[in-house]
Amino acid sequence: MHVLILGGTTEARRLAGLLHGTPGLKLTSSLAGRVASPRLPPGDVRVGGFGGTDGLAAWLRDHEVDALVDATHPFAATMSFHAAEAAALTHVPLLALRRPGWVPVPGDQWHEVDSAAEAARALPALGRRVFLTTGRMGLAAFADLDGLWFLLRSVDAPEPPRPRLMETLLDRGPFTLEGERALLRRHRIDVVVTKDSGGAATAPKLTAAREAGVPVVVIRRPPVPAHVPVVPGPEQAARWTLDRLEECPFRAVG
Ligand code: NAP
């Protein structure tokens with residue numbers, strides 16, 4: 001049985017780790033190729049877009065994929081819709097592995113918005129020194145905020161357009177609470193911007209902000225395709241895949 005994991009997340013790597021070496025199971029992980037030196041999962045890896053829904057459907061057919069797991073980031077909505085459409089076209093069973101979103105707790109000062117543009121509009125009323133953790137891709141939305149200073153944390157260096165007053169910290173999670181507390185203090189951060197990515201690896205910034213009384217602009221998740229079964233973690237996704245393996249009819253070779 002051939003399983004394709006659409007990856008680019010910690011959970012996708014963990015799922016590949018759980019399934020790798022299972023007798024009778026061929027595993028391929030797919031990465032978009034956004035990060036210069038990504039952390040690679042075990043098993044076969046392919047890199048780069050498929051060329052839209054039709055490209056993905058063709059890939060599923062050409063490589064005789066029997067099960068598809070969309071383990072992309074909650075904000076990789078385009079890929080999730082392509083996966084749903086391509087799975088429907090090819091009748092390949094699809095599961096979405098999507099980590100739960102974060103939930104505010106007492107003491108949090110969250111300002112929930114629907115986009116980076118809305119986050120940018122909210123910022124001037126909230127602070128002057130911004131810790132921007134939304135990655136280098138959506139930076140253009142903040143480029144015109146000349147009165148604010150930004151600390152951008154991203155895996156790779158950003159390209160223009162970007163805010164005029166900005167320092168970049170090249171780093172990737174997981175991050176510790178101690179580290180996040182120190183970072184907020186050192187840079188005198190008075191507002192944080194984040195996507196509702198969920199997961200433990202980048203959650204300590206929320207605790208550090210709460211402790212410091214710093215507001216957090218939280219960008220809500222984009223819509224996801226309806227009618228796709230969803231699990232919250234790699235263990236459940238591995239279970240689903242192994243169940244498909246048990247159902248998989250013997251495929252004659254040659
Ligand atoms: P996106 O907007 O949903 O996808 C844009 C295009 O990138 C897709 O149409 C597809 O190209 C290609 N693509 C995306 N994920 C792919 C994958 N796993 N394998 C092959 N091609 C893929 O995605 P994005 O937000 O740019 O994210 C790109 C990747 O980074 C995702 O794999 C995601 O898991 C990871 N990531 C994203 C975020 C985030 O905040 N968005 C954060 C951490 C990690 P084609 O149409 O040509 O197939």
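1. Let us start just past helix 5, where Arg188 follows with a positive phi, near 50 degrees. Please keep in mind as you look around that this is a predicted model.

2. Helix 5 itself covers residues 177–186, and its buried residues are Glu180, Leu183 and Leu184. Looking down the axis of helix 5, you will find these buried residues within an arc of 95 degrees, so they line one face of the helix. A general rule helps here: an α-helix has 3.6 residues a turn, so residues three or four places apart point the same way. The face turned away from the buried side of helix 5 carries exposed residues, namely Glu178, Arg185 and Arg186.

3. What do the buried residues of helix 5 pack against? Their partners are strand 7 (129–132), strand 8 (149–154), strand 9 (166–170), strand 10 (191–195) and helix 6 (204–212).

4. Helix 7 makes a good companion example. It runs over residues 234–247, and at 1.5 Å a residue its 14 residues should span 20 Å; the end C-alpha atoms are 20 Å apart, which agrees. Buried in helix 7 are Pro234, Ala237, Ala238, Trp240, Thr241, Arg244 and Leu245. Seen down the axis of helix 7, these buried residues fall within an arc of 160 degrees, so they too line one face of their helix. On the other side of helix 7, Glu246 and Glu247 are exposed.

5. The cover over the buried residues of helix 7 includes strand 1 (2–6), helix 1 (10–19), strand 4 (67–70), strand 5 (94–97) and strand 12 (230–231).

6. Now turn to the ligand. Which of the 23 residues around the ligand come nearest? They are Gly7, Ser30, Phe50, Met79 and Lys195. Strand 2 and helix 3 (77–90) each supply at least two residues of the surrounding shell, and helix 3 gives the most, with four residues.

7. Some polar distances are worth checking on screen. A polar side-chain atom of Lys195 lies 2.6 Å from an oxygen atom of the ligand. Backbone atoms take part as well: a polar backbone atom of Phe50 is 2.7 Å from a ligand oxygen, and one of Ala77 is 3.5 Å from a ligand oxygen. On its own the ligand has 800 Å² of accessible area, and the protein covers 76% of that.

8. Ser30, one of the residues nearest the ligand, belongs to strand 2 (residues 26–31). Is Ser30 buried or exposed? Ser30 is buried, because its relative accessible area is 4%, under the 20% cut-off. Leaving aside neighbours within four places in sequence, Ser30 is in contact with Leu4, Ile5, Leu6, Gly7, Gly8, Arg46, Gly48 and Phe50. With Arg46 there is also a polar contact, side chain to side chain, at 2.7 Å.

9. That brings us to Arg46, which lies in strand 3 (residues 44–47). Arg46 is buried too, with a relative accessible area of 15%. Besides Ser30, the side chain of Arg46 has backbone partners: a polar atom of this side chain lies 2.7 Å from the backbone oxygen of Gly48, and the side chain reaches the backbone oxygen of Gly49 at 3.4 Å. Leaving aside neighbours within four places in sequence, the contacts of Arg46 are Thr28, Ser29, Ser30, Leu31 and Trp59.

10. One last distance gives a sense of scale. Arg46 and Trp110 are 64 residues apart along the chain, and their C-alpha atoms are separated by 38 Å.

Definitions and conventions
Residues numbered from 1 in each chain as written. Predicted model: local features only at pLDDT ≥ 70, side-chain atom pairs only at ≥ 80, totals over all residues. Heavy atoms only, no water. Expected span 1.5 Å × (residues − 1). Buried < 20%, exposed > 50% of the residue type's maximum accessible area, 1.4 Å probe, protein only. Arc of directions from axis to C-beta. Contact = heavy atoms within 4.5 Å. Polar contact = N/O pair within 3.5 Å; in protein donor to acceptor, adjacent residues only side chain to side chain. Near = heavy atom within 4 Å. Areas by Shrake-Rupley, 256 points an atom, 1.4 Å probe, with all protein chains shown as cover.
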